[in-house]
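Hi,

Here is the structure I promised to pass on. Have a look at it first, and my notes follow underneath.

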Amino acid sequence: MKRLLVGIAAVAGAFVLAACSGGGASPANVTGGGAVQAGAGGGAPTTSAITSSSAPATTSSAPVTTSSPATSTSKPKPTSTKPTSTKPTSTKPKPTTTKPKPVTTTANVPCAKAAAASGTAACVDISAHKAWLLKDGKVIYGPVSMLPGRKGHATPTGSFRVLSKEKMHYSREFDNAPMPNSVFFYPGDAFHTGSLKTYSHGCVHLSATSSLRFFNTLHVGDVVQVVP
């Protein structure tokens, strides 16, 4: 009985040794015995890995980047500091053009009685072929060109007065010749529009402009002085 127990104990010890040395490769000359093959009989104990059912939560949200206000890349236009160009104002006084005033003295008028007359008067210088209009001793028009009577029909000289005026007179003595702006100062003789190239038959020929001025200025009774 004691031998049976000792044999069982020896077999059990050998089994325990074989079970502890498993896990590595079996010696090539060792067949059977030793470790229990996987899937045969009781098989190798499965090691259950402790798996965590809940994985550590990973923060999926990316860090919020605060958008800084966009800086304008366009540079502000520089304000023009140049002074506005102003043209210099001309400080030079503008030359005043004054028209020469007509002669108001009677120094060159050879008619003393006409110059001394009050009101309007006329002066005729036959040799100079000039005529004037005066008022209260002052020249108001002239001298202007005139032509007197031809030889044999000379214009009378002396101091006279205006006898009459006719806007259009026709000379009966000379085939009804027209005499515009006639101012008679002697019977048959007058200031009127006539040729300044052809001598008259005793009248005083004036241009159309001058005869109109004489006609509009002189009145009946005004002094007319004719000097040789």
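**N181 and its surroundings**

N181 counts as buried, because its relative accessibility is 8% and the cut-off for buried is under 20%. Bear in mind that this is a predicted model.

N181 sits in strand β6, and its side chain has a couple of polar partners. One polar contact goes to the side chain of K167, at 2.8 Å, and another to the side chain of S211, at 3.0 Å. Leaving out residues up to four places away in sequence, N181 touches E166, K167, F191, H192, T193, A208, S211, L212 and F215.

**The β5/β6 hairpin**

Strand β6 (residues 177-186) runs antiparallel to β5 (residues 164-171), and seven bridges join the two. If you want a pair to find your way by, H169 has M179 as its bridge partner in β6. Five residues lie between the strands of this hairpin, and D175 takes a positive phi there, near 55 degrees.

**The cysteines**

How many disulfides does a search of the whole structure find? Just one: C111 and C123, with their sulfur atoms 1.8 Å apart. The link is right-handed, with 70 degrees about the S-S bond. It ties together distant parts of the chain, 12 residues apart: C111 is in the loop between α1 (2-20) and α2 (112-116), while C123 belongs to strand β1 (residues 120-125). Both C111 and C123 are buried.

One further cysteine to look at is C203, which is buried because its relative accessible area is 7%, where buried means under 20%.

Cheers

Conventions: Residues are numbered from 1 along each chain as its sequence is written. This is a predicted model: local features need pLDDT of at least 70, side-chain atom pairs count only at pLDDT 80 or more; totals for chains, interfaces and linings use all residues. Side-chain values use heavy atoms; hydrogens and water are left out. Two strands pair if DSSP finds at least two bridges between them. Helices (H or I, at least four residues) and strands (E, at least two) are DSSP runs, numbered from the N terminus. A disulfide is a pair of cysteine sulfur atoms within 2.5 Å. Buried means under 20% relative accessible area, exposed over 50%, partly exposed in between (1.4 Å probe, protein chains only). A polar contact is a pair of N or O atoms within 3.5 Å; within protein, one must be able to donate a hydrogen and the other to accept it, and residues adjacent in sequence count only if both atoms are side-chain atoms. Contact means heavy atoms within 4.5 Å.
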